[in-house]
Structures are given as C-alpha cells and as structure tokens.
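Visitor: I am new to this structure and would like a close look at a single part of it: the way helices pack and strands pair. Could you take me through that slowly, in one connected answer?

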Amino acid sequence: MRFSASLTRKLIYSMGILLLFGIMVPYTQWLEVRQKEQELGEATIGQVDAGSFLLKLALLGGFRGMAVNILWTRAIDLQKVHDWDRMKTTIDMITKLQPHFLAVWTYQSWNLAYNVSVEWDAPEDKYDWIKKGIQFVQEGVKKNRRSPDLVWDTAWYYHHKLGFSDEAVIIRRLYHDDKDDEFKSNEEGIVRNDNFQLAHDWFKRAVDLVDSGEAGARPATSMETPIEYVDAPVQHKGRPGDLHFRTMPAHSYTRYAAALEKESMKGIPATFGARARDAWDNALSAWLDFGLYEFPCHNNDKEKVRIDDYDNPDRYKTLSKNQQYWIGRWGDQTQYMYWKDRCKAEREPQGVEARRLFYEGTKAIKAANFPEAAQKYKQGLDIWDKLLARHPTYEGDFLNKRDTGLIVKRYVRALKNAGLEVPEKMPFKDLLKVVEKDNTVDPYDALEMMPASSESAPQAPPGSPGG
Amino acid sequence: MSSVFIPLFAQAGGAGAKAFDVALLWMRVIGDPQVTIGGRWGGLLSWVKVVALFSLLGWIFQWVLRAYQNTLSVSRVKWLDYAAGFAVLGGIGTALLQVLQSTEKIHLYPIVLVIAGTTCALIVAIWIERAVWACISRLGTRVDFNVLAAVHVALGLGIVVSLMLRRMYLRVNINVGYANAIADGVRYGATFMGFVVLLRVLTLILPDILAIRPRRLYAIAWHTVVESTRRMWAPYVVVAVFLVVLAFTSWFLQEPPRPAEYGRLYVITLTLLCSLLLTIMVVFLTPLSLPSDIQNQTIYTIVSKPVRRLELVWGRIIGFMALVTLLVLIFGGFSLAYLSRQVGGQITRTETEAKRAEAENRLDEAKTLREQADQMRTRMGARIPVRGSLTFLDSRAAKRLKGVDVGQEMQFRSFIEGATPAAAIWKFGQVLDPRDEYFQDVAKSKGQPPPPRSLPLLDRRIPLERFLVAGTIEAKLDELSNVEQEVSLMRAEQRRRSNAGKDSSELADSIKQKAQLAAKYRGELDQLKSKESEIRSKADAEEKAGRSTAAADLRDEADKLHSPDVPIEMTFTVYRTTKGQIGDAVYASLTATNPYTGERSPTTFPVHEYYTNKETIPAGLLAGSHGFLTIEVKCISSTQYLGMTENDLYVLAETGNFGVNFMKGLAGVWLQAMILTAIGVFAGTFLSWPVALLTTFAFWLAGLAAFNFLQDLASNNIVGGGPFESFIRLIAHNNQVVDLAPTIGVVAAKTLDSLVMPVMSRLVFIVPNFSVFDFSNTISNGFAVTNGQLLDGILLACGYTAPFSLIGFLILKNREVAA
C-alpha cells in the first residue's frame, strides 16, 4: 500500500504531536517537584480551579490587569443600576482572574453580605445574599488556605452579619433551618445549627492558623532565594499585638450561650439546663484561652504578659511595672474581667435557673398572665441577687445593671398589672433609676421584638433547639 | 435651530397654510440632513440622505482623483493649484487661530475668522470645481456632463429654497439672517446634489440588478459554501469550538447568585457565545474569499463565464449567509437542548425541593422555593406586555410627572409615600403623552389657551380580543355594555336636538334598533348565566354524592363560561425610612378602574422587592372598556415608600414560546453576520487579504465596542477633547475636566483635533451599531422579541448591507480582476 504525500505528512505531524506530549510527561513531573520545593504551586496556595487557569491562560497574563479593570468598573456600574445578579457574576469573573489577590475576596464578600443584602426587602432575600457573601469569601479561603484574613472574614460574617443585623431573630432562624450542611459545617465537617457556634469555629481556625506559623507567605530561609509572588498574600489579621483577633472565639461562644437562653431565633424556644451550662463553660474556657496567651509587650518584645494575671494576685505581684501596666491596659481594653466573671456567674446552676425564670416571666407577661410573671420574676431575682453577690465584677458592670434593671422594671409592671403591691424591699430596686427612661427592647430576642402572633409561626420540629 | 422649525412646521400645516409653504417645508425636511419625520419612513429618509451625501463625496473624490491621475489641472492652471495649497494651509491656520482665540491667547473679532475660513473653503471649492470640469470635459461622457449640470442646479435649488423659507419665517416674525440662510441653503443643496449623484449611481447599478438570474446567483452561492467548507473547514471548526465551550461552561460560570437567575445567566452566555463564534467566523471567512480567488487566479474561470459582477458579490453574500443560517439553526438547536436540560432541570429540582420542604413543615422555605421556581418559569417564556402610560399623584394628591426622589445614585424609579394620597397611575387606552398631559394641565391652571393643534395620542389600548374569549359571559357583557353606551349617547344627542327644536326622528329609529339589540344580548347573557348556575348546582350535587371527579369536571365546564382573569405583573422597589415591624413586608394596593363603566377592582398585596409580583383582575372589568383601563397603585404601609417606573407594571397579554423567541434572538446574530459579510466582501473587492481582514475586523470591533463612543463623538459629547488632546491628558496625568494650560503642545493638539474630529464623527454613519441587534436581554428577561423589533432590525441591517455590497460591486466592476 502506498501512502499519498498528504497522508504521509499528516502521519508525520501526528507523530510529532504525540512525541511532544510524550516529552511533556517527564517535564511536568520535574516541574511539579520544583514547585513543591519552592512552594510555588497553585495547589500549595489553595484549591486549583481549571476555569480560572484557562482564563488566565487565554489572557496571556498581561491582559489580565486590563480585563480585571474592565470587569471591576462593570461590577460597580451594575451595582448602581441594582442589577445584583449580573454584578455577582462579574465579580466571580474577577476572582477567576485574580484568585490570590485577597483584597478582592474581602471587599466583594463584604459588599455582597452587607451592601447588597441590605438593598433587598424580604429577610429571606437578605439571608440569601449574606449567604452568597459568605460562600464567596469561603471560595477565597479554598484558594488561599494560608490566609488568616479570609478565614477571619468568614467568621466575622457568620458572627456579626448573621447574628447582629436588625432582622437577626429571623435571619438566625433561616440559618437554623437551612438544609445546606456544607454552609453550616466547620473545617472538621461538624454541622452547627447556630451561627455563633460556627463563627467560633472559624475564628478559632484563624487563630490556630496564625499560631501554627503557616499563615501568609512563608519567609524564605537563608538557604534559598526569596520567592517573589505575583499577587503576594498580605496578612493583616493576627499580628502579634492583635488583641481583638484573639478575643473573637470567646466572644462568639459567649454570644451563643447568651442567645441560647432567650428566643433568639424566631419561633424556637430558649434552652436551659445542662446544655446552657455547657455553653457557658465553653465560653469561659475560650476566655481563659485568651487570658493565658502570652502577648509581647508593645514597648519590649522580650517581656511577655498574660492578661489573666490581672485576676491572679500572686503572679501579678511578681511582674515588672511595665508588665503590670500592659496587663492593666489590655485587660481594660478587652473588658476581660467582666467577660470572665460573667461566664463564671452564668455557668452556675443558679445562673441558668435565674435566666430560665426571667424567660418564663417574660413569656407570662406576653400571655398577659401577670400574677405568674410576677412570681417567676420574684423567684428569679432572689436567686440572681444571691448569685451576683459572689460575682462583684459582673454585678458592678453597667451592662449588667441595665439588663437586671430592665428585669426589675418588668417585674414591677407585672406586679402593678396583677393588682399586687410593689414591696418596699426587693433586690436591685436601686437599679430602677438606671433604666427609668430606658424603653428599648432586646433586638436579639424574638419574644420582645416580634408581635405576639410570632407564637403562631411554624414551630421547629421537636428535639431541635438552638444547639 | 431645528427645534424652532419643527413646531413651526406643525403649526403651518395645521393652520391651513398655502400648499406652497407646505411644499417648501417638505423641501427642507428632504434637504436638511439634521431634520427628519417620525417613524420608519423618517428612518428611511435619513438613510437616503446619508447615502446620497456619501455618494456625492465619492463622486467628487473620483473625478478629482481622475483629474489628478491625468495631471489635468496641473498642466493648465498652475496658479490655482498653488492657491488651493495655500487655502488648505490657510484652513489649518484658521483652525489654529480659532483654538488660540478659544484659549484666550489672542483676541480677534469673530468675523475675521469667519471670513478667513470662508475664503479658504471657497478657494478649495473653486479648485475642485475646476478639476471636475476639466476632467469631465476631457474624459466624461454626455451623461456625466448632464450630472455635472444637474448638480449645480441642485445646489442652486437648495439656496433658493432656503431663501424662500427665510421669507416665510419673516412672515411669522422669525428672522434667520442672510448668512445663516445661505449656509443652510448650501447644506440643503449638498443633499440635493447627493440625490442627483445617487440617481446616477442607480442608473449604473439598475441594469445589473435587472440582469441578475437566480440560477447564476445559486451557482456562485453554492461555490462559496463548498469553498468555505473545503478550504477553511470553517463550519466544522466553529461547531467544534461551540460544543467544546458548551461542555465546559460550568468551568467559567459559577452557580448563579439566585436560582431565579439561572435562566438569564445561561441565555445571555449562550447568545453571546453564538454571536461571538458566528461573527468571528464571518470576519475571518468573508474578506479572504475574493482576494484569494484573485490571487490563485481561480477567478479567471468565473469571470470568463457570463456571470455579472453583481452576481459575484451578492452570490458570495448569499453563500456565506446560507452557511450562517445553517450554523444558527445548529447552535439554536443545541442551545435550546442545553437550556432545557440545565434550566428546565433546575426548575424541576426547585419544585421538588419546595414540595419536600412543605412536607417537612418548613413552610417559609417552601414558599421561597416555589416563588423561585415561578420566577424561573416566568423568565423561560416570551411575555408580551401591554404597557400603560405612567403619571403620579404626590402626597397632597397633586398631579406630578414623577414621584419622590429618595436619593438613589441612578434615579430610574421614582417613589410614592405610604399611607398618603400619593399614587402611581397607569393609564391604558388612547392616552396623551404624560408630559403633554402635565403641561396642558399646568397651562390650564394658569389660564393659558390650549395648544392650537390637538396633541398626539399614544395607543396603549388593551387588546380586548385576547382577554374576552368569544362565547363567554364577559365577552357577551362587553357587547351588551358597548350597545348600552351607544344607546345612552344617542339618547343624550336626542335630548340635545329636541331641546334645540330640531328633528330627531331618525335617531329614534336607530335608538329603537340598538335597544332591541341590547335586549337580545341581555337575553343571551342571562341564558349563559343560568347555564352556569345550573352546571354549578349539578356539580354540588355530584360532590354531595361523593363523585368528586365528576364534580371537578363540571366545575371546569362552568369555568369555561368565563374568560380567564387578566394577569398583571409588576416589579416595585421598596424604600424604608424606618425598619417598621421586622419581617413584615411593605403593602401596596392596586385598583383597576374601567373608565367607561366606572367599575373597580381593588386588591392589596405584599410587595416582594426585585421579584415579579403577580396579581389578576377579573376579565369582566374590561367589558365595555374599549381597551381603556386605569390602574392606580398606592403604598399602604406608612412611612415607607414604593418605587416604580413606567415599565414596572404591565398587563400580560400573552406568554409565547421560549424556543421561538430564542431563535428570534439568534436572528439578531444572523443580521449582524449579514452586515459583516457585506463588509468583508466589500473589503475583499479592492484590498489584499490581510488588509481586507484587518478592515473587517476593525468594523466588527468598532461596531461592537465603540459605537456609543462614536455617537458621543458625533453629538459632541466627548469630555476631554479629541484624540490628540486626550493623549496629552493621558501622558500628563490630567483628568478629563481640568483646564489645560495653552502651551504649544496643547494648542497644536487642539488644532489637530479640530481638523480630525469632524471626519471622525462621520464614522458614526459607517460603523454599524451591533448592539441594537442584541436581543439577549429581552429574551433572558422572559419578554418576547416583537415582530416590529425584528422588522426594524432587518431594515437596519439592509441599510448597511445594501450600500456596502453595491460599492463593492462598483469597485469590482471597474477593476481588472483578471489582469
């Protein structure tokens, strides 16, 4: 059989192609080894994305900046005309082009979770957009595993945006009911039904990342040439003196415990007993973690301080003047003593019991059952009085005074409505003056925020309280 | 100036001015390139004028070029050539002086510049005149000579028309001034000259057009198809790329932000993909075909056959378009299959999820999911909306053109305040433009006389035949109501006549007839109603007997006696001044009123922001409405605001087939490809293939990305000067609005800009506007591409294709292809 000239040519070409591919295999392997040595691979920085890789390839690297500029301007324009969905698609494209430029993830995830969500009227839609923002920054975490910033941002949205918005009681319930387990699980894959718990896990992850020394670009050893990253990951969070960075896991746990003891999710009753005590225990140990961490003094790196020593007179005495100064300053700054004492008080069985009685008192008021309300409040306040006597720091704090004062105020109201006399002597009576003009309601308690009809809202399936 | 003339024109016509004046004004409409009439005829007129002016330019250029090639004027009157050269330099100098004047470097009387500029222009004109005369008298035929003469007559006509118009304006106390009148006259004259040349061009082309034979066109077209497939493998490559990209779309498209957006994202991406692939294919294929034929000398075999050159051009275009058609069909088929799999699948999944949520007592979630599925379905249709015209009442119930501005960056929507008389009112029917209505009211309130002519009405009538199904109770009610209205009108007329002592016996007869008709309709209506109640009682009986299927069938039968409810769709935005009770929606009320019968249908609903809120009104409300309807929307929640714009509320006339609509959208892509094909073939007739390719590519890019910029350029809306000035700003890091110090560089740049900009701004007439052929937004939002839109697109595409292909033919005709 004779091959025609053109067929021969085609055969030669295809063999050439095959040969080139053949050479590519060992070459790629060699390249991968080098990548690993230098920690240059996409995979070391984060998850590899084929689409992102192809797009960057298609733009030949150099046009990337131009394309990103155009996309960024377009995203801003789309936001101006309220075309949210196309804006989201556009910023997704930006991250495909610049997956390791952290500011894009931070800025745009905030934009979605805060600025876009607020433009939507229905809480369901708001929740949807907050979730988009969180998922967006989580995508960033996947692609930049060593950045504590993005991990911290994720935690912050779970903590603050879901937990502190005006519609928090509805939005937290939406989170609770969300069937998207991936969105609700932490790094170990444990599903958390309360956003504060999950926020704690993410905050903790950021702290652990910093502590492991893996964060940010690994500094070059003296043996190798420093690596020049194209989009160098910059670390902002978790620098040595970043106190608040380390308080956040404890804050989230404290919030979780406090939220457990009220109807902080619309339609889901409060939880007390062992579960509440556990939550406060966890919060306390998170605060102790923070308190026992050794911070270098700002004016002297060699001198280390533990904020908890403020609460430990024996150790405190042994410290230098400078150390004592920084402990005092930072302890006040973070309100460490208040938080610690609060957790200690609330974790006691009497603490949880008093909270339960206050909650039931408020429920009775809502149901216009004033004699019962008065009784519950009285019982609760008696226990609370004895408990706080053992926790002077917590008792003396203004926030507590206000909280307790509001309960006393409600107690007096219940008494009056029940036609009973306000006793001459009762615990915390002096606090009534503090809250005389204070008519605010707790925005994170559906019992206070929502109209009475919220009771008729669909109830959570049995056996799934906030935990 | 045109803004002064248009109302004058309207008034002159309306006041019954002399036919001569009307003719004069028409001459102006025909002659002035900046003025036209409304509608499709206006577009056609503008197009003819632009083509005529370009023909004139081409004609002059051609004769001057021939004169230059034959060294005609150079050998005869040398001094004129020098004068023309100086005049060109003088023109540049004048531009420079103008710039210096505007930057206040020098102070001259403006008249100096005018005189200098005019003189230079005149000298150049004389030089051109001389060259054209010389050339035509030497080389031209008798016809060319006639054209030359006619061109001059046309110029004269323009000036005469302008002067006579001036006299006419003087009669209504508008003084235009001689200089302006002559300048206008030259402009009209130029257009008339263009018409003469266009006529000449048509006489050149017409014989060829008439000689076209479909058989030969077909042969060339088929040859083109075969060549493109065999030599370039174009269709295979394009289809392969399409399929590969389709297979990996998910790499580039992340999960859409909201499920409701699923369809939109995919539709836009797919249309974009089809459009890019097809246009790029055309850009590469078309400009290469003719030059390579000429280069390879394969053209010999064709031109030696009795094939006309026009057939060569048009046959090629037809061939390429056949290929494009085939590809559009393939792409459309694949895209629709892909969409139904992706989006259809997502809809089914969401609906299943909603059912599951409902079963698990997660009612809120179930509701959200169902709404999402519904939004997706809505977008995967082809809605035909009937839109009303929107006016507002403010918080004190005063009529307004707009509502409140709540301070959003882009003020598309204006807002009405909750729990006040503020309302947004959509009027359907034959209505005045809201602006006209508003200013008429203002004038009335000030005691000013009404405008001399009745203002034009917008036709926003609701197509009753779509909503009132023949044979139903509502349709009958409509007939009855119409007859009753006629009767009451005639009765009123009868009373008026008898009061005036006139004879009204003739009216009495028709009243009697109509009354009989009304009685007949009433009888039929009663019959229908009793039939319905009969069926319903039967259904109740069946239900009692426990045969629920039979009962449901009977109820369906009863329902068929009614026209279905009229769907109204709306999208409002919410602006809250306080949070209100959290979790509570802002409520709106909607009241539909039939202005003829006064019947009303009120409803209240929670507003779901950024979603399509759907409400219905009973079809019976439309009975006797003649297509007129008023819909009033108010915000009920106090301290909150509701935002809307005219397109936010419409009566949904029909939901068409999505597939058909999608293919209509691809027809837009097809039209883009047609224009590019014409440009590619045109470029191939006189350029070598690399240059032709670049030219076509430039047209494609400019039409795609730069048309808006060109439009701004043409309407002088560019901030920061022309290309040269912008360049200086760019390198000196000056923003667009900062004043530049008049250095030598800046003055030079501005001078160059003032010479370049007039030429550049004319590009807007040549570069095709591709964005108008892009229907992807309409389709992806679930609205139908109307036949009118499609027709506009076809006309526009022909407006580009015809001139390009014909110029290509003229060039090819005069070119020695087989040299």
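Guide: What follows goes through helix packing and strand pairing in chain A, and then turns to chain B.

This is a predicted model, in which local features need pLDDT of at least 70 and side-chain atom pairs count only at pLDDT 80 or more, while totals for chains, interfaces and linings use all residues. Residues are numbered from 1 along each chain as its sequence is written, and chains are lettered from A and ligands numbered from 1 in the order in which they are written.

In chain A, helix α4 (residues 64-80) packs on helix α5 (residues 84-97) with 9 Å between their axes and an angle of about 160°; helices (H or I, at least four residues) and strands (E, at least two) are DSSP runs, numbered from the N terminus, and axes are lines fitted to C-alpha atoms, for helices over the stretch in contact, with angles running from 0 to 180 degrees between N-to-C directions. The angle makes α4(A) roughly antiparallel to α5(A), given that angles under 35 degrees count as roughly parallel, over 145 as roughly antiparallel, 65 to 115 as roughly perpendicular and the rest as oblique. The crossing of α4(A) and α5(A) is left-handed, a word used if the near helix is turned anticlockwise from the far one by less than a right angle, with right-handed kept for clockwise. Among the residues that make the contact are Leu71(A), Trp72(A) and Leu78(A) of α4(A), together with Met87(A), Ile91(A) and Ile94(A) of α5(A), where contact requires C-beta atoms, placed from the backbone, to lie within 7 Å. Sorted by class, the contact of α4(A) with α5(A) holds eleven nonpolar, two polar and three charged residues; Ala, Val, Leu, Ile, Met, Phe, Trp, Tyr, Cys and Pro count as nonpolar, Asp, Glu, Lys and Arg as charged, and the others, Gly among them, as polar.

Further along chain A, the axes of helix α8 (residues 148-163) and helix α11 (residues 195-211) come within 8 Å and cross at roughly 160°, and α8(A) and α11(A) are therefore roughly antiparallel to each other. Here, too, α8(A) passes α11(A) in a left-handed crossing. The residues that meet include Trp152(A), Tyr158(A) and His159(A) on α8(A), and Phe196(A), Trp202(A) and Phe203(A) on α11(A). This contact of α8(A) with α11(A) is made up of 14 nonpolar, four polar and one charged residue.

Strand pairing in chain A can be seen where β1 (residues 294-297) and β2 (residues 300-306) run antiparallel, joined by four bridges; strands pair if DSSP finds at least two bridges between them. β1(A) and β2(A) form a hairpin with two residues between them, and Pro296(A) has Lys304(A) as its bridge partner in β2(A).

Turning to chain B, helix α3 (residues 39-69) and helix α8 (residues 178-210) have axes 7 Å apart and pack at an angle of about 80°, so α3(B) and α8(B) are roughly perpendicular to each other. Their contact takes in residues including Leu53(B), Leu56(B) and Trp59(B) of α3(B), as well as Met193(B), Phe195(B) and Leu198(B) of α8(B). By class, the contact of α3(B) with α8(B) divides into eleven nonpolar, three polar and one charged residue.

Chain B also has an open sheet of four strands with antiparallel pairing, in the order β1-β14-β7-β11. β1 (382-387) and β11 (613-617) of chain B stand at its edges with a single partner strand each, so one side of each has no neighbour in the sheet. From one strand to the next, the twist of this sheet averages 40°. β1(B) pairs with strand β14 (residues 649-656) of chain B in the antiparallel sense over six bridges, and the partner of Ala382(B) in β14(B) is Gly656(B).

Another open sheet of chain B consists of three strands in the order β4-β13-β8, again with antiparallel pairing. Its edges are β4 (414-417) and β8 (573-576) of chain B, each of which has a single partner strand, so that one side of each is left without a neighbour in the sheet. The twist from one strand to the next averages 30° in this sheet. Between β4(B) and strand β13 (residues 640-644) of chain B there are four bridges in the antiparallel sense, and Phe415(B) has Gly643(B) as its bridge partner in β13(B).

Methods:
Two residues are in contact if their C-beta atoms, placed from the backbone, lie within 7 Å.
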